[in-house]
Amino acid sequence: MRSEELVASGDLAADGLSAVTRQIRALHGGIAERVFTSVGAASEPVRLIHDGIADAVYGAVGAAGALAVRAGTRAVALRQDLAVDAPPQRALDDSPNGRF
């Protein structure tokens, strides 16, 4: 796999991880909304704190996960590019498994 293909696949995986994190956050938010709505107005202060913490945590997890995946694939690609005695890189398109 060429370095640019490795980086692109890492970007795709990072985008996928961010999307999954957003979906989980939406599910969590929907469940929390049902609970807070059923409790009523008395739950509003708790709801504000809950939503703020949940937004911060899900945002941090999504961003950190995507950053880790992107950094990892770029590090592997750089190592691959700098390897002195590495065999030539084949394009993903050149292998039967890469073309599936």
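In the predicted model examined here, the chain carries 10 positive and 12 negative side chains, and the centres of these two sets are separated by 3 Å. Side chains of opposite charge can pair when their charged atoms come close. In this structure, 5 salt bridges are present.

The secondary structure consists of 3 helices and 0 strands, and the order of elements, read from the N terminus, is α-α-α. Helix H1 covers residues 3-39, while helix H2 covers residues 44-82. The C-alpha trace extends over about 65 × 30 × 10 Å along its principal axes. The radius of gyration is 21 Å, whereas a compact globule of 100 residues would have a value near 13 Å. Of the 100 residues in the chain, 19% are buried. The exposed area of the chain amounts to about 7,100 Å², of which carbon and sulfur atoms supply 66%. When contacts between residues at least 6 apart in sequence are considered, 77% of them join residues at least 24 apart.

Several individual residues illustrate such contacts between helices H1 and H2. Val7 is located in helix H1. Once neighbours within four places in sequence are set aside, the contacts of Val7 are with Thr73, Arg74 and Ala77. The C-alpha atoms of Val7 and Val69 lie 9.6 Å from each other, although 62 residues separate the two along the chain.

Thr21 also belongs to helix H1. Beyond its neighbours within four places in sequence, Thr21 is in contact with Tyr58 and Gly62. Thr21 has a relative accessibility of 11% and therefore counts as buried, since the buried class comprises values under 20%.

His28 is a further residue of helix H1. With neighbours within four places in sequence left aside, His28 is in contact with His50, Ala54 and Tyr58. Tyr58 is thus named among the contacts of both Thr21 and His28. The relative accessible area of His28 is 26%, so this residue is classed as partly exposed. His28 and Ser9 are 19 residues apart in sequence, and their C-alpha atoms are 29 Å apart in space.

Salt bridges provide a second kind of link between the helices. The side chains of Arg70 and Asp11 form one of these, with an N to O distance of 3.2 Å. This pair connects distant parts of the chain, as Arg70 is in helix H2 and Asp11 is in helix H1, 59 residues apart. Arg70 is partly exposed, having a relative accessible area of 26%.

Arg70 also forms a salt bridge with Asp15, in which the N to O distance is 2.5 Å. Here too, distant parts of the chain are linked: Arg70 lies in helix H2 and Asp15 in helix H1, with a separation of 55 residues. Asp15 has a relative accessibility of 43% and accordingly counts as partly exposed.

Another salt bridge is found within helix H2. Asp51 pairs with Arg47, and their closest N and O atoms are 3.8 Å apart. This distance falls within the 4 Å limit, so the pair counts as a salt bridge. Asp51 and Arg47 are separated by about one helical turn because they are 4 residues apart in helix H2. Asp51 is partly exposed at 24% relative accessibility, and Arg47 is likewise partly exposed, at 22%. Elsewhere, Asp11, Asp15, Arg70 and Arg74 are joined into one network by salt bridges that share partners. Arg74, a member of this network, is also one of the residues in contact with Val7.

Ile53 is likewise located in helix H2. Its relative accessible area is 51%, and Ile53 is therefore exposed, as the exposed class comprises values over 50%. In sequence, Ile53 and Val76 are 23 residues apart, and the distance between their C-alpha atoms is 34 Å.

Conventions
Residues numbered from 1 in each chain as written. Predicted model: local features only at pLDDT ≥ 70, side-chain atom pairs only at ≥ 80, totals over all residues. Heavy atoms only, no water. Helix = DSSP H or I, 4+ residues; strand = E, 2+ residues; numbered from the N terminus. Rg over C-alpha atoms; globule rule 2.2 N^0.38 Å. Buried < 20%, exposed > 50% of the residue type's maximum accessible area, 1.4 Å probe, protein only. Contact = heavy atoms within 4.5 Å. Areas by Shrake-Rupley, 256 points an atom, 1.4 Å probe, with all protein chains shown as cover. Lys, Arg positive; Asp, Glu negative; His and termini not counted. Charge placed at Lys NZ, Arg CZ, Asp CG, Glu CD.
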